[in-house]
Amino acid sequence: MNDRLEVLKYYLYYKYRRLPRDRRRLERWQERKLKKHLRCVASRSELYLGKETLEACPAADKAFMMEHFDRLNTVGLGRQEAEAFAIRAERERDFAPKLRGVTVGLSSGTSGRRGIFLVSDREKNRWAGYILAKFLPGSILGNYDIAFFLRADSNLYQAVSSRNIRFHFFDIYRDFEEHRKRLEALKPDILAGQPSLLLLLAGEKERGGLDICPRIIISVAEVLEKEDEEYLKRVFGREVIHQVYQCTEGCLATTCSRGTLHLNEDIVHIGREYLDQRRFVPIVTDFERKAQPIIRYRLNDILVEREHPCGCGSPCLALEKIEGREDDLFSFQNSRGEEKMIFPDFLRRCVLFAGEGRERRSAEYRIVQCPDRSIVVYADFDGEEQSLVLLELEKLAEDRGLLLPKVTFAPYCREEGRKLKRVERRR
């Protein structure tokens, strides 16, 4: 079947399919999908041979997947060959070719380990149809120009391109002025990019240096902070800033019409390893991926369940937010020298509370914990603002019976080529 016809088929399927509205029925529906998927993978993957239940499958993470890459994938590609192919595409900035009919790419490596992902043509078309069903503001027959800013292009996106739906890749490594001129000429209907990039464009628009008004804005690849979301809404005049929580391991969550982030439990099964009452680490099984099966895959992201159900009526779990990575928990000590971990959100709140009721020169900040446990706050704060942030950090430590590490302040700086992390622990 022609790629575009197959994308249309999947678009119609996901757009008009009716999921069970009851949570228990959704879980039973997932069980049937999982059973069928695992039977298929068990017959094709050497690693999963004969393993037809989740319990029988080994727990996985990025290191496990790379170690067993050759035996895990079902398309006969070796790790060395796939990695060399993907690196060459990155160097040459040419992402169109496929390796023996399979799309091959690199994850960005923000977790400290680089990964390789494989996607078959059918999976590529299914993904394209799913994304279009989620985010097109009107009919698939309408005309749309979609501008997306990413580290790397992929024929995953080009599968969608047609005469009426045009994807335009903006390479984040290119000059910003070039992007600005191209955006103004394009006037995109849909704008997708990392929050750090969207904030840069919003600042330019607010200063009168960028004349665009997208109908849909989609945040990808980085954590979208609440204050950044509100700023983007105000500058672009949108009621909702959409989010896509997607990684090498699949498209895991998207926003509904009310702006709530929901797990995509119609295409993935998410086990939950709870850290407290609402925070959990997701364990992903994607029942649409067969070229490179994603089964019982433990991410190191921290997701926070929404306290109250979303009014949209979806049975898929609603999230309050994506808090960050598990390895970005800060390490404090108590008076007995015992290590205690602090969730990233508590550090964000210190900056938020310190700025309550004040007009700041800049909302940009980063809080970094160094290997020696000392903390550096990167922000263009004046002396009074620095004192207020330090006071909030002291309150946090006191409330939890902990000793506050050494805190210093430095001018705000963006790190080119890296995802924006407001809160980051370095080792």
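Is Arg373 buried, partly exposed or exposed? Arg373 is partly exposed, because its relative accessible area comes out at 25% and anything has to be under 20% to count as buried. Before I go on, a quick reminder that what you have in front of you is a predicted model.

Okay, so stay with Arg373 for a moment. You'll find Arg373 in the loop that joins β17 (365-369) to β18 (375-379). What caught my eye there is the backbone: phi of Arg373 is near 80°, so we have a positive value in a residue that isn't glycine. As background, most residues other than glycine have a negative phi.

There's another arginine to put beside that one. Arg296 has a phi near 50°, again positive and again not a glycine. Arg296 sits in the loop between β11 (279-286) and β12 (297-298). And Arg296 is partly exposed, with a relative accessible area of 29%.

Right, one more loop residue, and then helices. Lys421 is in the loop between β20 (407-410) and β21 (423-425). Is Lys421 buried or exposed? Lys421 is buried: the relative accessible area is 17%, and the cut-off for buried is under 20%. So what does a buried lysine side chain have for company? Here, the Lys421 side chain makes a polar contact with the side chain of Asp328, at 3.0 Å.

Now the helix pairs. Let's start with α1, residues 3-16, and α6, residues 121-135. Their axes come within 7 Å and cross at roughly 50°, and that makes α1 oblique to α6. As for the hand, the crossing of α1 past α6 is right-handed. From α1, the residues making the contact are Asp3, Glu6, Val7, Tyr10, Tyr11, Tyr14 and Lys15. A bit of helix arithmetic helps in reading that list: with 3.6 residues a turn, residues three or four places apart point the same way. On the α6 side, the contact residues include Arg122, Lys124, Arg126, Tyr130 and Leu132. By class, this contact has eight nonpolar residues, two polar and seven charged.

While we're on α6, have a look at Trp127, which lies in that helix. Trp127 counts as buried, at 17% relative accessibility. How far is the C-alpha of Trp127 from the C-alpha of Arg289? The answer is 10.0 Å, with the two positions 162 residues apart along the chain.

Next pair: α9, residues 195-206, and α10, residues 226-236. They pack at an angle of about 40°, and their axes are 10 Å apart. α9 and α10 are therefore oblique to each other, and this crossing is left-handed. α9 brings Leu198, Leu199, Leu201, Ala202, Gly203, Lys205 and Glu206 to the contact, while α10 brings Asp228, Tyr231, Leu232, Arg234, Val235 and Phe236. Sorted by class, that's eight nonpolar, one polar and four charged.

Last stop is α11, residues 344-354. How many of its 11 residues are buried? Eight of them are, so α11 is mostly covered. The buried ones are Pro344, Asp345, Phe346, Leu347, Arg348, Cys350, Val351 and Ala354. You'll notice an aspartate and an arginine in there, Asp345 and Arg348.

So what is α11 packing on? One partner is α12, residues 383-399, at an angle of about 135° and with the axes 8 Å apart. That makes α11 oblique to α12, and α11 passes α12 in a right-handed crossing. Phe346, Leu347, Cys350, Phe353 and Ala354 make the contact from α11, and they meet Leu388, Val389, Glu392, Leu393 and Leu396 of α12. Which classes do these residues fall into? Nine are nonpolar, none is polar and one is charged.

And to finish in the same neighbourhood, there's Glu385, also in α12. Glu385 is buried, with a relative accessible area of 4%. Its C-alpha is 9.2 Å from the C-alpha of Val351, 34 residues away along the chain, and Val351 is itself one of the buried residues of α11.

That's what I wanted to show. Questions?

Methods. Residues are numbered from 1 along each chain as its sequence is written. This is a predicted model: local features need pLDDT of at least 70, side-chain atom pairs count only at pLDDT 80 or more; totals for chains, interfaces and linings use all residues. Side-chain values use heavy atoms; hydrogens and water are left out. Axes are lines fitted to C-alpha atoms, for helices over the stretch in contact, and angles run from 0 to 180 degrees between N-to-C directions. Helices (H or I, at least four residues) and strands (E, at least two) are DSSP runs, numbered from the N terminus. Angles under 35 degrees count as roughly parallel, over 145 as roughly antiparallel, 65 to 115 as roughly perpendicular and the rest as oblique. A crossing is left-handed if the near helix is turned anticlockwise from the far one by less than a right angle, and right-handed if clockwise. Contact means heavy atoms within 4.5 Å. Ala, Val, Leu, Ile, Met, Phe, Trp, Tyr, Cys and Pro count as nonpolar, Asp, Glu, Lys and Arg as charged, and the others, Gly among them, as polar. Buried means under 20% relative accessible area, exposed over 50%, partly exposed in between (1.4 Å probe, protein chains only). A polar contact is a pair of N or O atoms within 3.5 Å; within protein, one must be able to donate a hydrogen and the other to accept it, and residues adjacent in sequence count only if both atoms are side-chain atoms.
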